Structures are given as C-alpha cells and as structure tokens.
Amino acid sequence: MQAPTGVADARLMGLPSRQVAGASTTRRLFVIYAVVSLVPVLLLGTVLLALTHRQATQRGLAEGASEARLAARASVAPDLRDQPVTRDLLPSEERALDRTVAQAAHNGVMLRVRVRDLTGKVVYSPEHLGIGSFDEDAATAARGSTVTRLTWLNFDAVDAGAHIALGPRVVEAYTPILSAQSSRPIGVLEVYLPYAPIQRDIASGQQMLAVALMVGLLVLWIALLGVSASLSRRLRRQADANAYLARHDTLTGRPNRAQFTECAERAVAAATQPRPAAIAVIDLDRFKEINDTLGHANGDRLLVALAERLSGCVRDEDTLARLGGDEFGVVLSGVHGPSEAVEVLSRIRAALTDPFVIDDLPLTVEASVGFALAPQDGADIGTLLTRADLAMYVAKRQHHGVVHYQPEHDQYDATTLTLIAELGHAIRDDQLVLHFQPKVDVRSGRVKAVEALVRWQHPVRGLLYPGAFLPAAEQTELVEPLTRWVLRTAVRTLPAIDPTGELGVAVNISARSLARATFADEVIEVVADSGVSPERVILEVTETALLSDPPRAAATLTALSEAGFRISIDDFGAGQTSLGYLAKLPVSELKIDKAFVLAMAGDARNAAIVRSVIELGHSLGFTVTAEGVETPDVLAGLVAADCDLLQGYLLGRPSDAEAVVGLLNLELRSLLSRADVS
C-alpha cells in the first residue's frame, strides 16, 4: 500500500532536507539583515544627536543674547544717563558702571563687561584693559544687531584675539545699548556671561531628548526586525506553498504533470529489459455527463474522492498523479513485464467499481487505462506518454479496460498531426467540399438516397480523401464542428440536388458527437433551419459508436427518431452489437460492412454472412443496404439475396452535387451500362 500522501510527497520532493537548509539560510540572512539594518539606525541616531546638540548651542547663544540685551537696557543704559557714548565717560558714570559690574559679578550674572562707542572702540573696562581697542563685532552690534559666540574666558588676557582656554566657557556677546527715549543705539555693550548655568539647563532637556530619541530608534529597529521577521516567515511559507503548488494538483493534492514527469524520468532512467517501468494514463469514462448533470462542484468532489481511493492502490515506489481534467497518470517502477503492469493497473481500475456517494447520490465510475513500457516501447517520457495515450483510446473504443501499447495502435505521423492542426482553419475557411454517392433501390432501379462524403480541398496538398484526416480528427474535438459542417452543408445542398423532395441524404455521425447530451437538439435545429424535412435525413452511426456509450447513444437516437430522422447502423457486422440491444434501438436501416460485400463473390462464407444479415434485417423490419458494390457478380448476388439498396463504384462514384444530379433519372440497367469498374 502507498504511504500517506504527505510522507510520499516529502520523499518524492526531498522536502525535509530542503526545509532544514531553507530554515538555516533564512536565519543566517535574518542575522545579516539585523546587523546591516542597525548601521543606518545608529547613523540616524548620531545625526539626530548632532543636530540636537547644535540646536542646544543655538539655544544657549540665544539665551545669552537675551541676557545681554536685558543687561544693556536695564543696567548699563541708566548708568550712562541715556546719553550716546561719544566722549570719555564722566567719573560718576564710571562709578555707576563699576557698581553695576561689581554687583553683577558678585551675583555671577556677568563675568566681564566692556562698553564701546558706536565705532566699536572700548571706552570703559573695569580692569582698564584694552581701552581704545577696536572690534568688528562691536561695530556690527552698533548697527542694531546682537552678536554672540561661545568662547573660553582668559582671566589674564582680555584683548581681542587673546582668548586662551584657561577660564570657564562663556557666552561672548556684543549688543547695542539702546536709548530709553529714542530706542536708538547710544553704545555697545561687550559682556561675557557664564555658560555653565545655561548649559546645565539645556543639558537636562537634551539628555532627556537623547534618551527618548535612542529609545525611539531602538523601538523602531526592533519593530522593523519584527516586521522583517514576519515578512520573512510569510515569504518562506509562500515560497514553500508555491513550490508545493508547482508540483501538486490544487484540487486533489496529488502530484501534478510536472512532478509526474520528473518521477517518470527517474523510473525510465532506472528501467531495464527484465525490470521495465510502466507509464500509464487513466481516463474516466463519461465523466463529462457527471459534470453536466450534477455540476462542476460535485464533479470536483468526485475527483478528490477518486484520487484518494486510487492512491491506496499503488505501491510505495510508484506515483499516482492527476494530469488534468479527469485524466490521471501512473508510474510503475521496476515491474516484472507487461503482465504485472496489467495486474496492478487492473487492480487500480477495479477500485472504482464500488460506488462513490456524492451529494447522497451513489455514482459508479469506469475508466480506460493505457500503458507503455520503458525501454521496450520508448526511451523518453514524451514518447511513452503519447503511446500510453494511444493505448488508452484503444481501451476506450474497444472496452478492454487496460491495454498495453502496440505499434499498430499508432496511426499518427508528423503529416497527420500537421493536417489536424490545419483542419480547424479548413472548416472555418470553407476548404471542405461534399461529394455524394448514390444509393440505388434494387426493385425500382432508381436512386433513393445519396450519402454525403467529405473531402478537403487543401491549398497545398490538393484534394484529400477522408482517410487522410478523418480517423485522426475523430480522436479530437474537431470531429464535432466537422460533423456539424457536413450535416449543415448536406441538408442545404439537398434541395438543389432534388427539388422534388423525395431524395434522402445520409450523413455519418461520430461516436464523440453521439455521446454529447445536446447533440440531438443541435441536429434538429440545423435541419429545421434548412427547411428540409427530417424524414429525408438518414443518420449513419457505426456499431463502435453505439458501444462507446450505449445508454447515451440510445437516448440520443430515440430523440432523433422521434423527431422524424431515419437511423442507419453503418458497417454492420464489423462490430459487436448485441442483437437484443439492436432490437431496442430506433433503427430503420442496416448497412452491411463493405468487407463482407467485396469478398462475397469469391468466398462462400462471406456470401452466407451477407445473406444472413439481409434476412436478419428484414425480420426486424429494417431496410438493408450493401455498400462496396464494385462488380457485376457481387451485384447479382445481392439482387438474388433480396437486398434493398445498393451502393458502390459500380453504380456511381462519389461526385459533386452537380454531377450526381445526372444520375437521379438513370435506372439500374443504365447505371450498369455506364459503370466504370476499372
């Protein structure tokens, strides 16, 4: 028995080792991402801290400028009695400034003070240092601006440009001394303010901001890692899911065509003559009816249940896959010849005999199986699958269940495949033509009906007969539009051939068309549109078409018969129609297979078979037609056997509508005298 699906699939795909390797790779990439992503976060933090420090410095200088303006307005300007500094200060003014400076120094508000005139020259200094010296920043301040900078105070040297980092850090400010009356500058105050109090105040807020910033960046980094980890897991799961879907059927969970091909290639590579590998194709019979009747949802449920049941019928080393639609593929590794392959595949097919309960409705499913062996039947998977398909179609047509490919099954070559590819265009582009062959009534000697036979006027290969393209077309969906074209053209041409309304026209119906539930309605509609009476239309169905789906065939033929169409069984005797089943069908004509007719003149047994079929048909109330009438001896034997209608080259070859009109008024004797039997 097969291992559970998950185990088998893991073994086929090598998932455990791949998942371990994938998880290890994911972790390694995630660590690399975490480290790499930390670098820009740290850089961002550094830049933000630098910007914060710069803003703090600017804030300190702004506070220093504000204190300098306050000192100039509230303390220095009153000491100067609101007079411009354009002269040497009076002793009273100097004493007042000394008191102000001393008080400010005592309170630690100002560390050093100078007063300059509007040209920037020092006119007052408590230490009497630098009197008369000039400073450009003071000249700028004299024009109404406050100039500030951070510097280091040197208690020993106070001349401009002599600042040495020996004292505390201070805010050096130059601010205009404004008149209280006119608000115009009367001088410039040069003041050195302690920076430490300002720095402490700013540092406290800056520290809190830095901590908040770093915590925020850390949280952001952790959040990014979390999002990245989540995305990484989701992407990994999605990648695993995509890898699974790329190799498995989404409906049944079984391996799909891609994985089936891989498994088949491994099995074929390991196959030997004593232990070949079998490549099989399983196709369900009449699955389309289930879909049409119960709906696609129930059809899908049936496929799931069917796949689950089939998976329990193959060996652990084998593979069961859904190739698409209702088609499954099986790879059997190392079987002991075709007999073991048939045994295993028959067991798989037999598993379908027990009904499936879908929507409380028991359904019985049958399947056709074809297989090919490697290396005997082919060395590559493409060839083996093609030949397994051919064997499957043989199994379906002949109701043999399981069929091993044989060379005679292969009716296809490159030319045929090319023609099939071109046939669709030929139908649409009106490259097809109809020829008509007469069916002569033995008793009256008159033409009673004509059979419509399709030809293809190929633009390159010339006129092609049905044998060149029809057998292959019958294995494809093209046979349905081809059948519709023949029927439509035949009934539209019939009034031109015989305006009297007495002549019938026979049209061949394929097994694929007969199996479609809507076929009867389509035929009735086409004939009704033409204005031809259904009684003039003879639908010829082969025994093989009847046997491909007897219930559906019976229902379709009954509907057509009730609508007035005549039903003929073509090639009678070549198939395996049950006489009991034949009696239940609404048949009005039997056409004896031409193989018996052609051989009856020289073979007494074939002649006996023909006479027996004629008697059987008459006893069942059928009209009997013999096709393949090509010699006078055969004609004489059929007339003696009381056959109803005759068809063959002796009486008239297939020809176009215009030519066949000339045969309608000729009697049997005239046809014999004109017959070209060469």
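Strands are counted as paired when DSSP finds at least two bridges between them, and the elements themselves are DSSP runs numbered from the N terminus, with helices (H or I) of at least four residues and strands (E) of at least two. The model is predicted, so that local features need pLDDT of at least 70 and side-chain atom pairs count only at pLDDT 80 or more, whereas totals for chains, interfaces and linings use all residues. Residues are numbered from 1 along each chain as its sequence is written, and side-chain values use heavy atoms, with hydrogens and water left out.

**View 1. The whole protein, with its 23 helices and 21 strands.** Of the 678 residues in the protein, 45% are buried (under 20% relative accessible area, against over 50% for exposed and in between for partly exposed, with a 1.4 Å probe and protein chains only). Among contacts (heavy atoms within 4.5 Å) between residues at least 6 apart in sequence, 66% join residues at least 24 apart.

**View 2. The open antiparallel sheet with strand order E2-E1-E5-E4-E3.** Five strands make up this sheet, and its edges are formed by strand E2 (122-124) and strand E3 (147-152), each of which pairs on one side only. Neighbouring strands are turned by 30 degrees against each other on average, direction ignored; here and below, angles run from 0 to 180 degrees between N-to-C directions of axes fitted to C-alpha atoms, for helices over the stretch in contact. Within the sheet, strand E4 (residues 169-178) and strand E5 (residues 185-194) run antiparallel and are joined by nine bridges, with Ala173 standing opposite Val191 in E5. Helix H3 (residues 91-107) lies across strand E1 (112-116) and E2, and runs at about 85 degrees to E2.

**View 3. The open mixed sheet with strand order E7-E8-E6-E11-E12, and two helices that lie across it.** Strand E7 (319-324) and strand E12 (402-404) stand at the edges with a single partner strand each, so one side of each is left without a neighbour in the sheet. The average turn between neighbouring strands of this sheet is 20 degrees, direction ignored. Strand E11 (residues 367-374) runs parallel to E12, to which three bridges join it, and Phe371 has His404 in E12 as its bridge partner. Helix H9 (residues 337-350) lies across strand E6 (277-284), strand E8 (327-332), E11 and E12, running at about 155 degrees to E11. Helix H10 (residues 381-398) lies across E6, E8, E11 and E12, and runs at about 145 degrees to E11.

**View 4. The salt bridge between Lys396 and Asp285 (2.6 Å, N to O).** A salt bridge is a side-chain nitrogen of Lys or Arg within 4 Å of a carboxyl oxygen of Asp or Glu, and the structure holds 25 of them. Because Lys396 lies in helix H10 and Asp285 in the loop between E6 and helix H7 (287-294), the pair ties together parts that are 111 residues apart in sequence. Lys396 is partly exposed at a relative accessible area of 23%, whereas Asp285 is buried at 14%.

**View 5. Strand E14 (residues 447-458) and its partner strands E13, E15 and E16.** Ten of the twelve residues of E14 are buried, so that the strand is mostly covered. Strand E13 (residues 432-441) pairs with E14 in the antiparallel sense over nine bridges, and Pro438 has Val450 in E14 as its bridge partner. These two strands form a hairpin with five residues between them, and Gly445 in the turn has a positive phi of about 75 degrees. A further hairpin, through three residues, joins E14 to E15; three bridges connect E14 with the antiparallel strand E15 (residues 462-464), and the bridge partner of Gln457 in E15 is Leu463. Strand E16 (residues 504-509), in contrast, pairs with E14 in the parallel sense over three bridges, and Ala449 has Gly504 in E16 as its bridge partner.

**View 6. A network of salt bridges that includes residues of E13, E14 and E19.** The side chains of Lys439 and Glu589 meet in a salt bridge at 3.2 Å, N to O, and link distant parts of the chain, with Lys439 in strand E13 and Glu589 in strand E19 (residues 589-592), 150 residues apart. Lys439 is buried at 0% relative accessibility, and Glu589 is buried with a relative accessible area of 5%. In the salt bridge of Lys591 with Glu451, the closest N and O atoms are 3.0 Å apart; since Lys591 lies in strand E19 and Glu451 in strand E14, this pair ties together parts that are 140 residues apart in sequence. Lys591 counts as buried at 0% relative accessibility, as does Glu451 at 5%. Salt bridges that share partners join Lys439, Glu451, Glu540, Glu589, Lys591 and Glu627 into one network.

**View 7. The surroundings of Arg536, in the loop between helix H15 (519-530) and strand E17 (537-542).** Arg536 is buried, with a relative accessible area of 11%. Residues up to four places away in sequence not being counted, Arg536 touches Leu494, Asp498, Gly501, Glu502, Leu503, Gly504, Val505 and Arg566.
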